[in-house]
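This is a walk through one protein chain, for someone seeing it for the first time. Please keep the sequence and the 3D view open while reading.

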Amino acid sequence: MATTDSPVDERKLLDFPTSCAAPAPKPEEPVKVVPLAVAAVLAVGLTAYVWAAHGAKFGVLLVLGLALGLALFHSRFGFTSAWRQLIAVGNGQGLRAHTLLLGTAATLIALICGTGAGLFGSKPVPVANVGPIGLALFVGATLFAIGMQLGGACASGTLFAVGAGQSTIVLTLGGFITGSVLYTWGYPLFTGWPQVSGFLLSDHVGWFGSWAITIAVLAAIVLATRVVQKRRVPPPVDTVPTARGFARIFRGSWPILVGAVVLGVLAGAVYLVSGGIWGVTSAFSLWGAKILQVFGLHPEQWEFWQLKANATSLSKPIWQDKTSLTDIGIMIGAFVAAAAAGAWKIHSSIPWRTAVAAILGGILMGIGARLANGCNIGAYLGGISVGSLHGWLWGAFALFGTWIGLKLRPLFGLGNPVRTDSIC
């Protein structure tokens with residue numbers, strides 16, 4: 001194992017061994033002034049409009065979305081790459097960051113649910129976030145993970161990558177919306193699959209017991225990733241350009257563990273404000289339906305949109321939809337962060353196989369998320385943070401789907417990390 005001049009770096013390598021030290025981050029690029037100005041106007045103007053036209057609750061949800069976008073970009077917090085690195089070469093850095101995010105969110109949500117706290121008249125209803133356990137969950141999580149590896153991003157990653165100007169991921173988002181629409185159109189085919197009711201830990205051991213069990217399992221996962229990484233000695237994770245000192249808060253890359261804590265706090269804040277978990281993908285079905293209506297089609301006649309809750313959602317403007325607000329906020333927040341960091345750019349040339357993989361991956365994620373009643377945020381983060389068994393099962397089947405996705409990536413000209421890489 002390579003040594004470094006810094007004792008701190010040396011200890012990090014001993015704690016989490018990699019084949020060599022990670023490269024030093026490069027300086028950030030100059031601020032993209034015009035994109036930053038556009039992003040700032042969008043952020044301020046849209047927040048003012050939503051707050052004035054639809055009330056403080058919806059305005060706050062948009063602001064939380066903006067903050068989520070900033071944190072996701074600055075920490076480059078990913079689920080797709082974390083699982084790819086773990087399965088391909090045994091690097092558990094990303095999964096350990098997941099455990100910190102999950103633990104932070106679970107702690108705050110346990111406090112909120114245990115005390116019945118809420119803002120703007122919202123009250124926590126944890127049972128509403130418990131997904132059923134059955135074939136749809138298993139198939140959906142697997143499909144979603146395959147789609148992640150082909151599309152290049154998860155649900156939250158898709159949003160912040162689009163905001164940061166990554167053209168390929170715009171195709172992934174288009175596929176995501178298409179897959180969501182396909183699910184709602186074919187809804188009768190996707191219902192009635194074998195399943196049992198969900199399992200909520202707090203119903204059996206109370207909120208403190210639920211929290212304690214969750215933290216214990218997360219700690220066990222951290223230890224397991226350390227054992228795996230020690231045996232496989234993977235390449236280090238690549239670094240991204242960053243500013244130094246105080247400017248790093250606004251123009252740099254944050255340590256991934258800092259990003260995990262910030263995102264966990266924001267997930268708790270979404271729960272406090274709305275009474276429900278932070279979600280992403282249900283908005284894509286809604287957006288797709290509204291786009292079809294613009295072109296004179298009538299998705300409201302489909303069985304999915306005739307269900308009472310879905311019909312109510314479709315009849316309202318997206319500015320009154322919690323998930324749409326946080327999703328839009330994430331894209332604009334990432335736009336602001338990427339422009340400030342000098343990283344916002346649009347790529348005009350996309351290899352055709354990459355484009356096909358992006359669209360196909362998005363479609364698989366759109367269908368998979370709806371089958372599994374959520375994505376890496378709504379099912380994985382949301383389910384685990386409220387103490388629902390379906391969140392853990394979603395994660396297990398997503399790891400299986402990641403393994404399949406890695407086998408498929410080379411067919412589309414996409415590479416996978418290997419042990420001989422200098423970075424992964």
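N373 has a relative accessible area of 44%, so this residue counts as partly exposed. The model is a predicted one. N373 sits in the loop that links α16 (352-371) to α17 (376-385). Its phi is positive, about 65°, although N373 is not a glycine.

A second residue of this kind is V233. V233 is not a glycine, yet its phi is positive at about 45°. The loop that holds V233 runs between α9 (202-232) and α10 (248-251). With a relative accessibility of 22%, V233 is classed as partly exposed, because the buried class ends at 20%.

From these loops, turn to the whole chain. The protein contains 18 helices and 2 strands. Its C-alpha atoms occupy a box of roughly 65 × 55 × 45 Å along the principal axes. For 424 residues, a compact globule would be expected to have a radius of gyration near 22 Å; the value here is 21 Å, which agrees. Of the contacts between residues at least 6 apart in sequence, 81% join residues at least 24 apart.

The surface and the interior can be described in the same way. Of the 424 residues, 52% count as buried. The accessible surface amounts to about 18,100 Å², and carbon and sulfur atoms account for 68% of that area. As for charge, the protein has 26 positive and 13 negative charges, and the mean positions of the two sets lie 2 Å apart.

Next comes the interior. In soluble globular proteins, nonpolar side chains tend to be buried together. In this model the largest nonpolar core has 89 residues, and F144, W278, W287 and W394 have the most contacts inside it. Apart from that core lies another, of 10 residues, which includes I109, C113, W207 and I277. Which residues does W394 touch, beyond those up to four places away in sequence? They are W83, L137, A141, F144, A372, G374, C375, N376, A379 and Y380.

Some helices show burial at the level of single residues. Helix α7 spans residues 155-163, and 9 of its 9 residues are buried. They run from A155, S156 and G157 through T158, L159 and F160 to A161, V162 and G163. After α7 comes G165, with a positive phi near 90°.

Helix α5 (residues 93-115) includes G103. The relative accessible area of G103 is 9%, so G103 is buried. Leaving aside neighbours within four places in sequence, G103 makes contact with I215 and L218. G152 is 49 residues from G103 in sequence, and their C-alpha atoms are 26 Å apart in space.

P35 belongs to helix α2 (residues 33-54). Is P35 buried or exposed? P35 is buried, because its relative accessible area of 17% falls under the 20% cut-off. Beyond its neighbours within four places in sequence, P35 is in contact with F335, A339 and W344. R226 is 191 residues away from P35 along the chain, and 41 Å separates their C-alpha atoms.

Definitions and conventions:
Residues are numbered from 1 along each chain as its sequence is written. This is a predicted model: local features need pLDDT of at least 70, side-chain atom pairs count only at pLDDT 80 or more; totals for chains, interfaces and linings use all residues. Side-chain values use heavy atoms; hydrogens and water are left out. A nonpolar core is a set of buried Ala, Val, Leu, Ile, Met, Phe, Trp, Tyr and Cys residues joined through side-chain atoms within 4.5 Å. Buried means under 20% relative accessible area, exposed over 50%, partly exposed in between (1.4 Å probe, protein chains only). Contact means heavy atoms within 4.5 Å. Helices (H or I, at least four residues) and strands (E, at least two) are DSSP runs, numbered from the N terminus. The radius of gyration is taken over C-alpha atoms; the globule rule is 2.2 Å times the number of residues to the power 0.38. Accessible areas come from the Shrake-Rupley method with a 1.4 Å probe; for residues, only the protein chains shown count as cover. Lys and Arg count as positive and Asp and Glu as negative; His and the chain ends are not counted. The place of a charge is taken as NZ of Lys, CZ of Arg, CG of Asp or CD of Glu.
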